[in-house]
Amino acid sequence: MRLVVIGYGPGGVSAALTAKKFAPDTDVIILTRDKLPARRKPGVTLAFQSPNLRNLGIPDWSPEALKKRGVTVRQGVEVIGGDPNAKELTVRTEKGTTEKVGYDKLIVATGGTPVVPAIEGTDLDGVFTIGDISDALRVGERLEEIASVAVVGAGFSGLEAAERLLSMGKEVHLVVRSRLLRRLLESELSAELLQRFPSSLMVHTGVSPERVLGSDTVDGLSLGAQTIKVQAVLFMTGVKPNTQLASLMGLRIGPLGGISVNERMETSAIDVYAVGDCVEMPDFLTGKPVLMPVGSVAARAGRQAGLLAAGGSKMYSDVSLRFQYDRIFGTEIVCMGESTTLAQSLGVRAHVTFTEDPAESTRTAIVTDESGRVIGGQVLSSRMAAPVGLQILRRMLDGLGLDETPLLKPPHEELKSLLEETLGPLNP
């Protein structure tokens with residue numbers, strides 16, 4: 001059997017490796033336009049500072065490493081069409097010629113396309129966005145001549161870019177339309193995170209860019225009543241599903257603009273699966289279609305699709321469960337499942353419970369539904385976000401409520417309890 005994967009990101013690589021591991025005799029091929037090393041999106045801004053791509057790639061994902069594991073990667077080729085009935089793709093090679101590539105099973109992982117606001121001036125020299133490592137390298141090549149940058153967007157990618165630029169000695173303005181990580185964090189935690197940012201980062205909240213200023217090159221950004229003088233503008237305003245190929249192949253596109261898939265990651269065409277930023281998938285709680293451009297979700301979806309495409313039957317319960325981690329400006333941030341904002345958008349009534357551990361500079365928000373079941377959570381911490389986040393995740397996966405299994409005591413509280421059992425009450 002031949003399995004063809006279109007895309008070299010987390011979803012595509014995960015699908016290819018899972019299929020090969022489950023069915024070693026399967027002929028697995030990855031087709032990709034990329035000529036650079038594969039890289040997870042978090043950390044891609046390292047390319048601002050490092051021209052050495054060998055330090056930026058993922059060794060286990062290199063074409064050489066994948067070949068040793070039985071997966072062939074064809075780089076520099078573009079899939080420009082396909083016929084699901086004939087199970088055949090049309091591919092443009094590096095030389096510009098076209099060829100036909102047949103498949104028995106196909107996994108589409110074409111990713112997303114950066115969104116740039118439809119405002120005047122976005123075509124000026126000095127306007128950037130980052131869709132992949134090539135884009136980050138282009139920004140890095142120009143930074144020596146740029147002293148000030150406006151980063152538009154307050155998602156994980158935007159915050160990471162602002163931190164990297166600030167560490168490089170740039171004057172950085174962060175433009176936030178509403179609040180930090182609006183869909184992922186409760187408003188109280190958004191405010192807390194903002195307080196943890198360094199004063200050298202100039203944050204403009206509650207405003208949107210109206211026009212990029214300049215004649216040939218950028219010299220400012222209009223925020224309505226305010227204008228900031230900058231030499232570059234970096235739009236980190238999200239991605240939209242890249243469904244161009246899927247549309248050409250006649251795959252069903254859902255109401256949110258992504259390839260429509262079921263819980264098995266199957267598309268409307270027989271033996272064709274889709275994973276990653278290009279899809280809209282069933283929400284883990286409601287089953288309603290959602291867009292989830294998150295690398296960890298893409299990898300789990302790839303694992304599911306790869307297994308089923310190779311003939312397996314196991315269904316994973318965590319495929320569409322959001323779990324994101326990053327460390328920004330010295331604060332660990334964990335977001336998982338639904339926030340109250342996400343829950344409301346899906347028609348779910350949710351309640352949030354806050355906990356705090358001052359000793360670890362930790363604030364936690366735990367989201368429950370009307371029945372008290374844990375459906376999401378967020379953690380901000382100096383160093384304990386991952387362990388606390390794991391506790392919340394376990395309760396989500398087990399369908400538990402906080403009343404049944406409250407969060408464990410922070411480590412220093414557990415130590416205090418142990419000492420008091422041994423030595424008697426301790427003075428506060």
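Is C278 buried or exposed? Select C278 and you have your answer: this cysteine is buried, with a relative accessible area of 0%. Keep in mind as we go that you are looking at a predicted model.

**Stop 1: the whole protein**

Zoom out and show the cartoon. You should find ten helices and 26 strands. The radius of gyration is 23 Å, close to the 22 Å that the globule rule gives for 428 residues, so the protein is as compact as a globular protein of that length. Along the principal axes, the C-alpha atoms fill a box of roughly 75 × 60 × 40 Å.

Now switch on the surface. The protein exposes about 19900 Å², and carbon and sulfur atoms supply 49% of that area. Beneath it, buried residues make up 49% of the 428 residues. Contacts often link distant parts of the sequence: among those between residues at least 6 apart, 60% join residues at least 24 apart.

**Stop 2: the nonpolar cores**

Hide the surface and select I30, L89, L106, I107, I259 and M265. These residues have the most contacts inside the largest nonpolar core, which has 59 residues. Pick L106 from this group and show what surrounds it. Leaving out residues up to four places away in sequence, L106 touches L3, V4, I6, L89, M249, D271, V272 and Y273. Apart from this core lies another, of 37 residues, with L143, L201, I333 and C335 among them.

Stay with C335 for a moment. This cysteine is buried, with a relative accessible area of 2%. How many disulfides does a search of the whole structure find? The search finds zero.

**Stop 3: two helices**

Select residues 187-195 to highlight helix α5. Which residues of α5 are buried? They are L189, S190 and L193. Turn the view until you look straight down the axis of α5: the buried residues fall within an arc of 105°, so they line one face of the helix. Here is a handy rule to remember: an α-helix has 3.6 residues a turn, so residues three or four places apart point the same way. To see what covers the buried residues of α5, add its partners, which include α4 (156-167), β23 (331-337), β24 (350-357), β25 (362-369) and β26 (374-381).

Next, select residues 133-142, which form helix α3. Its buried residues are I133, D135, A136, L137, V139 and G140. Add β9 (127-129) to the view, and you will see the strand that the buried residues of α3 pack against.

**Stop 4: two residues with positive phi**

Where is L181? Look in the loop between β11 (171-176) and α5. L181 has a positive phi of about 45° although it is not a glycine. At 4% relative accessibility, L181 counts as buried.

Then go to D271, in the loop between β18 (259-260) and β19 (272-274). D271 also is not a glycine, and its phi is positive, at about 65°. You have met D271 already, as one of the residues that L106 touches.

**Stop 5: partners from along the chain**

Select T113 in strand β8 (residues 112-114). T113 is partly exposed, with a relative accessible area of 31%. Find C278 from the opening again: T113 and C278 are 165 residues apart along the chain, and their C-alpha atoms are separated by 8.8 Å. What does T113 touch, not counting residues up to four places away in sequence? The list is G238, V239, K240 and N242.

Move on to P282, found in strand β20 (residues 279-282). Leaving aside its neighbours within four places in sequence, P282 is in contact with V261, N262, E263, G287, K288, V290 and S320. Try the distance tool between P282 and M292: these residues are ten apart in sequence and 9.9 Å apart in space, C-alpha to C-alpha.

Finish at M315, in the loop between α7 (295-309) and β22 (323-328). Is M315 buried or partly exposed? At 36% relative accessibility, M315 counts as partly exposed. Its contacts, leaving aside neighbours within four places in sequence, are E263, R264, Q304 and L308. For R264, 51 residues from M315 along the chain, the C-alpha atoms of the pair are separated by 7.5 Å. E263 is a residue to leave switched on, as it is in contact with P282 and with M315.

Methods: Residues are numbered from 1 along each chain as its sequence is written. This is a predicted model: local features need pLDDT of at least 70, side-chain atom pairs count only at pLDDT 80 or more; totals for chains, interfaces and linings use all residues. Side-chain values use heavy atoms; hydrogens and water are left out. Buried means under 20% relative accessible area, exposed over 50%, partly exposed in between (1.4 Å probe, protein chains only). Helices (H or I, at least four residues) and strands (E, at least two) are DSSP runs, numbered from the N terminus. The arc is that of the directions from the helix axis to the C-beta atoms. Contact means heavy atoms within 4.5 Å. A disulfide is a pair of cysteine sulfur atoms within 2.5 Å. The radius of gyration is taken over C-alpha atoms; the globule rule is 2.2 Å times the number of residues to the power 0.38. Accessible areas come from the Shrake-Rupley method with a 1.4 Å probe; for residues, only the protein chains shown count as cover. A nonpolar core is a set of buried Ala, Val, Leu, Ile, Met, Phe, Trp, Tyr and Cys residues joined through side-chain atoms within 4.5 Å.
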